[in-house]
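Me: Please take one part of this model and look at it closely. Start with the sheet nearest the start of the chain, then follow the strands and side-chain pairs beyond it.

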Amino acid sequence: MTRIACLLLTNELQAHAALLQVALAHSPRVEDAGAGCIYLDASGLQSLFGDDARLAERLRDAAFAVGLAIRVGVAASRLGALAAARLGAGVTVVEPGGDAASLATAPLALLTLSEPLATRLSRWGLRTLGELAALPTAGLFERAGAEGVQAQRLARGEDPRPLASWRPVPAFEESVECEWGLETLEPVVERLSELATQLCGRLGARGLAADGFEWVCRLAGGCAHEGALTPAVPLTDAAAVTGLLRLALEARPPRGIVEGLTLRARPTRAGAVQESLTDPSRPSPRFLAATMNRLVALVGSDRIGAPALLDSHRPDAVGLGAYASPSPRRGEGRVRAPVLALRRLRPPAPAAVTLASGRPVAMRSSRLAGRIVAGVGPWRSSGEWWTTQPWLQDEWDVELADGTLCRLAHDGSAWHIAGVYD
């Protein structure tokens with residue numbers, strides 16, 4: 001018989017790690033659900049702690065002993081235990097076989113649903129788990145697919161999935177003491193190279209890579225020299241990591257005798273260099289990382305990065321942000337509907353536009369020229385009027401006689417071509 005206990009912090013600002021230790025002290029199988037919520041396997045613990053009610057009280061008292069106020073729910077499923085803990089007071093135990101009845105009046109918001117499914121269920125007028133559980137399964141599958149059926153099973157207290165056992169996150173950190181002290185940069189880089197080799201070996205053995213490194217140089221007199229770097233791509237190549245560390249330390253060397261070194265790596269799952277035979281070849285991560293860091297040394301870190309949209313309606317409001325790991329591809333094998341993309345011109349191309357009754361009827365520029373056969377607009381946009389450089393412009397989407405689609409913009413004094421549609 002499956003029994004699951006849910007430990008829920010009444011104040012999520014409290015120590016989540018301490019709650020995790022309370023759960024691990026009572027059960028060998030614990031799942032960390034995040035946000036102050038812990039599940040533990042309560043099956044077979046009767047001989048140690050008594051029945052479900054006594055176990056729940058013991059968990060609450062153990063948490064209180066370390067300064068945590070929690071609510072405890074025990075049921076046959078995760079959702080049943082979560083509802084008991086969240087909607088109950090203190091300790092709540094759902095008797096075996098009673099999950100469906102206890103969940104009937106619980107709000108639908110207890111389920112973690114995708115936005116489309118949550119919107120659909122809301123439009124159907126569903127508010128409780130009991131209403132979802134009462135729907136015909138066949139009809140629900142036709143309208144909401146497998147996700148809808150899975151949500152219905154959870155609402156009925158059916159959750160055959162075993163708990164995902166918590167495992168401590170391995171610390172990828174290596175340290176070395178320099179008994180005689182290092183006064184020049186070269187021996188510091190050599191010792192960091194040794195640490196990088198050890199870290200990369202541990203990462204590679206687990207199928208991981210590092211998307212960030214931090215180092216600490218402990219200096220004579222008790223001071224510390226710290227630094228960090230983020231490679232353009234995750235790395236497991238010790239030689240590449242050593243090259244990046246050398247460049248970073250040459251740009252900002254430690255000021256003193258180094259008596260100890262610590263190197264930390266931030267682990268991440270790294271995708272294959274080439275995902276399929278049809279993908280274009282990619283540059284070597286080692287050479288790419290070295291090139292990017294040389295560019296940083298030349299122009300500064302604030303001038304290197306990935307394009308990022310700024311929080312503004314101003315056209316071309318783009319800045320530079322940190323590089324992000326590529327997301328897994330979705331939708332492979334599906335036929336995608338064609339879309340119309342606007343290729344913006346940077347800078348916009350000046351144009352001479354002829355108007356008739358306030359609407360553009362012809363245009364001429366160094367890039368495009370012709371009679372305008374159709375057009376929609378204007379759309380007026382403005383912003384940043386509270387600054388010293390406010391902006392305002394009217395935009396038109398027009399079609400030329402040769403079929404070219406483009407966007408015209410007028411900023412109050414001159415016309416220009418803002419972009420061309422592909």
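Reply: The sheet and its helices come first, then a hairpin, then the charged pairs.

This is a predicted model; local features need pLDDT of at least 70, side-chain atom pairs count only at pLDDT 80 or more, and totals for chains, interfaces and linings use all residues. Numbering runs from 1 along each chain as its sequence is written, and side-chain values use heavy atoms, with hydrogens and water left out.

Begin with the sheet. It is open and has five strands, in the order E2-E3-E1-E4-E5, with mixed pairing. Helices (H or I, at least four residues) and strands (E, at least two) are DSSP runs, numbered from the N terminus. Two strands pair if DSSP finds at least two bridges between them. Which strands stand at the edges? They are E2 (30-34) and E5 (91-93). Each has a single partner strand, so one side of each is left without a neighbour in the sheet. From one strand to the next, the twist averages 15°. Axes here are lines fitted to C-alpha atoms, for helices over the stretch in contact, and angles run from 0 to 180 degrees between N-to-C directions.

Look at the E2 edge. E2 and E3 (residues 37-41) run antiparallel and are joined by four bridges. Val30 stands opposite Leu40 in E3.

Now add the helices. H1 (residues 16-24) lies across E1 (4-9), E2, E3 and E4 (70-75), and runs at about 10° to E3. H3 (residues 52-65) also packs on the sheet. H3 touches E1, E3, E4 and E5, and its direction makes about 155° with that of E4. Contact means heavy atoms within 4.5 Å.

What does H1 bury? Leu19, Leu20, Val22 and Ala23 are buried in H1. Buried means under 20% relative accessible area, exposed over 50%, and partly exposed in between (1.4 Å probe, protein chains only). Seen down the axis of H1, these buried residues fall within an arc of 155°, so they line one face of the helix. The arc is that of the directions from the helix axis to the C-beta atoms. The buried residues of H1 pack against E1, E2, E3, H3 and E4.

Next, the hairpin of E7 and E8. Six bridges join E7 (residues 209-219) to E8, and the two run antiparallel. Phe213 has Leu229 in E8 as its bridge partner. Four residues lie between the strands of this hairpin, and Gly221 takes a positive phi near 95°. E8 (residues 224-229) has two faces. His225, Gly227 and Leu229 make up the covered one; Ala224, Glu226 and Ala228 make up the uncovered one.

E7 also carries charged pairs. A salt bridge is a side-chain nitrogen of Lys or Arg within 4 Å of a carboxyl oxygen of Asp or Glu. By this rule the count is 18 salt bridges. In one of them, Glu177 pairs with Arg218, with the closest N and O atoms 2.9 Å apart. The pair links distant parts of the chain: Glu177 is in E6 (residues 173-182) and Arg218 in E7, 41 residues apart. Glu177 counts as exposed at 54% relative accessibility, whereas Arg218 is partly exposed at 26%.

A salt bridge also joins Glu214 to Arg264, with the closest N and O atoms 3.7 Å apart. Glu214 lies in E7 and Arg264 in E9 (residues 258-268), so the pair ties together parts that are 50 residues apart in sequence. Glu214 is partly exposed at 38% relative accessibility. Arg264 is partly exposed too, at 30%.

Further along, Arg407 forms a salt bridge with Asp397, the closest N and O atoms being 2.9 Å apart. Arg407 sits in E16 (residues 405-410) and Asp397 in E15 (residues 391-400), so the pair ties together parts that are ten residues apart in sequence. Are these two buried or exposed? Both Arg407 and Asp397 are buried.

Back to the sheet for one last link. Glu31 belongs to a network of salt bridges with Arg78, Asp159 and Arg161.
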